[in-house]
Amino acid sequence: MPATLIAVHTMKGGSGKSTITTILASYLRYVKQKRVLVVDADDPQYSISGIRENELSLYERLIKLTESGHTPKALGAMANTPFEKAMTERLRFNVEHQISPADFYPVLRASATTLRQVDFSADVDFDYVFLDLGGVYDTHIVDMLAKCHLVLVPFTTQNIDIRHSTDYCLMLLDSINEGSLRQTTQIRCLWNKYKFFYDKKAQLIEETIGSYFAEIDTPVAFLKARLQDADSGFDQNKMLTTLSNPVAVEGGKYANTVVELANEILVLCEPAMTTQPA
Ligand SMILES: Nc1ncnc2c1ncn2[C@@H]1O[C@H](COP(=O)(O)OP(=O)(O)OP(=O)(O)O)[C@@H](O)[C@H]1O
Ligand SMILES: [Mg+2]
């Protein structure tokens with residue numbers, strides 16, 4: 001069966017495209033054991049593939065230390081940063097579950113040309129392919145979005161991000177009206193870095209976005225799961241590609257919403273796995 005293609009996309013930088021991509025990809029791979037590919041097409045910053053390289057280099061050093069007699073637990077006690085701590089947790093989890101680096105999902109760095117040439121939606125080696133398309137919106141990107149089963153649009157509670165993501169939704173609406181984006185593409189908005197006191201305003205924004213799309217009978221709703229604002233000392237840990245957050249950090253509001261979000265995505269993608277776009 002061909003892969004289910006998912007893009008987390010909006011034009012505003014810093015709204016969490018890459019973070020949400022890696023959180024979902026990691027959860028589906030390491031917790032749900034799905035076959036996952038991440039295509040990092042965010043040229044030139046390639047943040048996900050950069051993080052993967054850093055993770056692998058630390059991981060290899062940690063493996064060497066275990067070979068010279070250190071236990072993963074002892075390495076955890078020696079860790080100085082949240083990143084090191086998360087990686088030692090990964091190692092501990094992997095040793096217990098007999099997971100090797102060969103089980104990490106691949107992160108493919110793709111240029112705009114590769115993106116145009118390869119039909120990732122036809123890939124039968126993966127259950128899910130995530131696209132990090134960066135912050136551009138042009139005809140090539142719309143062509144890619146048209147191949148996706150699901151386009152997730154992140155919103156944060158910052159006014160500037162709300163304006164940009166709302167504009168982005170209106171651009172999607174124009175593309176649907178022009179016929180360059182299929183009406184059957186599932187579009188869902190998603191709160192990221194969510195702060196609980198925002199509930200009233202969030203409801204208003206959700207209604208407004210819903211009303212834009214109601215006129216063309218395209219149900220564009222917000223996902224129920226709101227990805228919480230995790231504390232700032234946690235930064236790189238949120239984006240690791242070799243572990244899933246709920247594995248490293250059990251419980252807590254942030255980790256719980258990761259689980260809720262991933263499960264909502266799985267349900268949304270179920271019909272797509274039997275009905276592939278033309
Ligand atoms: N839920 C969250 N809680 C706290 N911080 C977050 C959350 N999601 C993302 N961040 C942080 O916000 C910053 C921007 O996130 P990210 O790099 O994922 O955004 P992006 O949309 O991919 O940006 P760019 O357009 O530069 O590619 C990062 O420092 C990331 O760690
Ligand atoms: Mg990014």
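This is a short tour of a predicted model, with stops at a ligand, a pair of helices and a few loop residues.

**Stop 1: the ligand**

Start by selecting ligand 1 and showing the residues around it. The shell holds 17 residues, and G14, T19, Q45, N192 and A230 are the closest of them. Colour that shell by residue type and you will find two nonpolar, nine polar and six charged members.

Which helices each supply at least two residues of this shell? They are α1 and α9, the latter spanning 235–238. Helix α1 gives the largest share, with three residues.

Now zoom in on the backbone beside the ligand. At G14, a backbone N or O atom sits 2.9 Å from an oxygen atom of ligand 1. Move on to G16, where a polar backbone atom is 3.1 Å from a ligand oxygen. Then pick S18: one of its backbone N or O atoms is 2.9 Å from an oxygen atom of ligand 1. Switch on a surface here, if you like: ligand 1 taken alone exposes 630 Å², and the protein buries 81% of that area.

**Stop 2: two helices**

Keep S18 in view and select α1 (residues 17–31) together with α2 (residues 47–67). Their axes come within 10 Å and cross at roughly 55°, so the two helices are oblique to each other. To see the contact, show S18, T21, T22 and Y30 on the α1 side, and S47, I48 and R52 on the α2 side. By type, these contact residues comprise two nonpolar, four polar and one charged. S18 thus appears at both stops, with its backbone by the ligand and as part of the contact with α2.

**Stop 3: the loops on either side of β2**

Follow the chain out of α1 into the loop that leads to β2, and select Q33. Its phi is near 55°, a positive value in a residue other than glycine.

Next, go to the loop between β2 (36–40) and α2, where P44 is found. Is the peptide bond from D43 to P44 cis or trans? It is cis, with omega near 5°.

**Stop 4: A79**

Finish at A79, in the loop between α3 (72–78) and α4 (82–97). Which residues does A79 touch, once its neighbours within four places in sequence are left aside? Show E84, K85 and T88, and you have its contacts. For a last view, add Y128 and draw a line between the two C-alpha atoms: A79 and Y128 are 49 residues apart along the chain, and their C-alpha atoms are separated by 33 Å.

Technical notes
Residues are numbered from 1 along each chain as its sequence is written. Chains are lettered from A and ligands numbered from 1 in the order in which they are written. This is a predicted model: local features need pLDDT of at least 70, side-chain atom pairs count only at pLDDT 80 or more; totals for chains, interfaces and linings use all residues. Side-chain values use heavy atoms; hydrogens and water are left out. Axes are lines fitted to C-alpha atoms, for helices over the stretch in contact, and angles run from 0 to 180 degrees between N-to-C directions. Helices (H or I, at least four residues) and strands (E, at least two) are DSSP runs, numbered from the N terminus. Angles under 35 degrees count as roughly parallel, over 145 as roughly antiparallel, 65 to 115 as roughly perpendicular and the rest as oblique. Contact means heavy atoms within 4.5 Å. Ala, Val, Leu, Ile, Met, Phe, Trp, Tyr, Cys and Pro count as nonpolar, Asp, Glu, Lys and Arg as charged, and the others, Gly among them, as polar. A residue is near a molecule or strand if one of its heavy atoms lies within 4 Å of it. A polar contact is a pair of N or O atoms within 3.5 Å; within protein, one must be able to donate a hydrogen and the other to accept it, and residues adjacent in sequence count only if both atoms are side-chain atoms. Accessible areas come from the Shrake-Rupley method with a 1.4 Å probe; for residues, only the protein chains shown count as cover.
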